[in-house]
Amino acid sequence: MAINPVLMIRPFVVRELKWESAETYTLVLSPVDETDAIQFAPGQWVYLYLHNPDGSVWAKAAYSIASAPSDGSRLEIGIKIKGDFTKRASNLMPGDRVDLQGPFGVFVLPPGDGPIVIFAAGIGITPFRSMLRQLNADGKERKVTLFYSNRTVEDAPYLEEFLELAKRKDWFKPVFNLTQDKPDIGTWEFGRLDSDMIHRHLPEDTKDTMYLMCGPKAFMDMIKQALSEKGIDVKKRLKQELFG
Ligand SMILES: Cc1cc2nc3c(=O)[nH]c(=O)nc-3n(C[C@H](O)[C@H](O)[C@H](O)COP(=O)(O)OP(=O)(O)OC[C@H]3O[C@@H](n4cnc5c(N)ncnc54)[C@H](O)[C@@H]3O)c2cc1C
């Protein structure tokens, strides 16, 4: 009987480990064999397996894919250091072997051409980085507003990339929300993200606007409330990914 390809455990090699901030890094991975490349939709996630020196599995954890299908078989995941697993993964070196399994998940780029409003807190940006890279590669000019919450500019993974994209593409409007920083960058707000801030920057709601969010539960509860206050049917049009 054929194995479901999603459940296959595929060998990958670490190409690079790039620090994005003091606490977050990107693992750049490529399949040992091109036939093991993972076909995924932007927003999906994989299990990352780390090994013991004897090659046996030490542990696995779930990570949203932070690169896009348009990036080819090379796959990136963005990791925030928390406990033992993420510390151990931060010691990976170019040439090290890991395994990946997947892709999993239904939190993907909404179909169609309707506007998208994204809310991300910190490392919750990873599925959206994948979506934005794919939209950029597709050149479709689909309207995207990104609310992105962090403590400081230095803390915010991939912020430079989003600033760069916003400079080049009119369809992309980021609103950076920083709780401990008053930087000199594009559109930003100081303080915790709340209903007022959201309402100030929310683009006009259209029938086909989809809302996506990823962050801590309290952050997402607040967004749900803020959108409901605007009469948006959150049950139908707000999708979430929870990293818990
Ligand atoms: C769908 C989804 C997507 C996610 N995407 C991301 C993402 O893009 N970026 C991100 O940073 N996080 C993401 N997460 C969270 C991620 O899966 C981890 O929960 C997070 O990185 C916590 O890491 P940790 O170091 O605290 O690991 P832990 O939660 O401590 O451990 C992870 C695993 O390692 C095992 N383990 C830990 N320590 C040991 C030990 N000493 N010996 C043996 N086994 C051990 C645990 O039992 C567990 O199975 C996502 C979660 C989900 C559910």
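## Around the ligand

Which residues are the closest to the ligand, and how many surround it? The closest are Ala59, Gly83, Asp84, Phe85 and Thr86, and they belong to a set of 20 residues around the ligand. Keep in mind that this is a predicted model.

Where does that shell come from? Strand S4 (57–64), strand S5 and helix H1 (84–89) each chip in with at least two residues. S4 is the top contributor, giving six residues to the shell. Sorted by class, the shell comes out as 11 nonpolar, six polar and three charged residues.

## The antiparallel strands

Let's go to the start of the chain. Strand S1 (residues 9–19) and strand S2 (residues 24–31) make a hairpin, with four residues between the two strands. Their pairing is antiparallel and runs over seven bridges. To find the register, look at Phe12, whose bridge partner in S2 is Pro31.

S2 also pairs with S5 (residues 75–80), again in the antiparallel sense, through six bridges. Here Thr26 is a handy marker, as its bridge partner in S5 is Gly78. S5 is also one of the elements that supply the ligand shell.

## The parallel sheet

Further along there's an open sheet of six strands, all paired in parallel, in the order S10-S9-S8-S7-S11-S12. Strand S10 (188–190) and strand S12 (238–241) sit at the edges; each has a single partner strand, so one side of each has no neighbour in the sheet. From one strand to the next, the twist averages 15°.

Inside this sheet, strand S7 (residues 116–121) and strand S11 (residues 210–214) run parallel and are joined by five bridges. Ile118 is a good place to check the register, since Leu212 in S11 stands opposite. Helix H3 (residues 159–168) packs on the sheet, where it touches strand S8 (144–150) and strand S9 (172–178). The direction of H3 makes about 145° with that of S9.

## Helix H2 and what follows

Helix H2 (residues 126–138) is 13 residues long and spans 19 Å from first C-alpha to last, close to the expected 18 Å. Plenty of H2 is buried: Thr126, Pro127, Phe128, Arg129, Ser130, Met131, Leu132, Arg133 and Leu135. That list includes two arginines, Arg129 and Arg133.

Right after H2 comes Gly139, with a positive phi near 65°. In the loop between H2 and S8, Glu141 has a positive phi too, near 60°, and this one is not a glycine. Is Glu141 buried or exposed? Glu141 counts as exposed, because it has 12 C-beta neighbours inside 10 Å, and the cut-off for exposed is 12 or fewer.

## Other backbone oddities

Tyr158 is another non-glycine residue with a positive phi, this time near 70°. You'll find Tyr158 in the loop between S8 and H3. Tyr158 is buried, because 23 other C-beta atoms lie within 10 Å and 20 or more is enough to qualify.

And where is there a cis peptide bond? The cis bond joins Gly102 and Pro103, with omega at about 10°. Pro103 is part of strand S6 (residues 97–104).

Conventions: Residues numbered from 1 in each chain as written. Predicted model: local features only at pLDDT ≥ 70, side-chain atom pairs only at ≥ 80, totals over all residues. Pairing = 2+ DSSP bridges. Expected span 1.5 Å × (residues − 1). Near = placed C-beta within 6 Å. Nonpolar A, V, L, I, M, F, W, Y, C, P; charged D, E, K, R; others polar. Axes fitted to C-alpha atoms, helices over the stretch in contact; angles between N-to-C directions. Contact = placed C-beta atoms within 7 Å.
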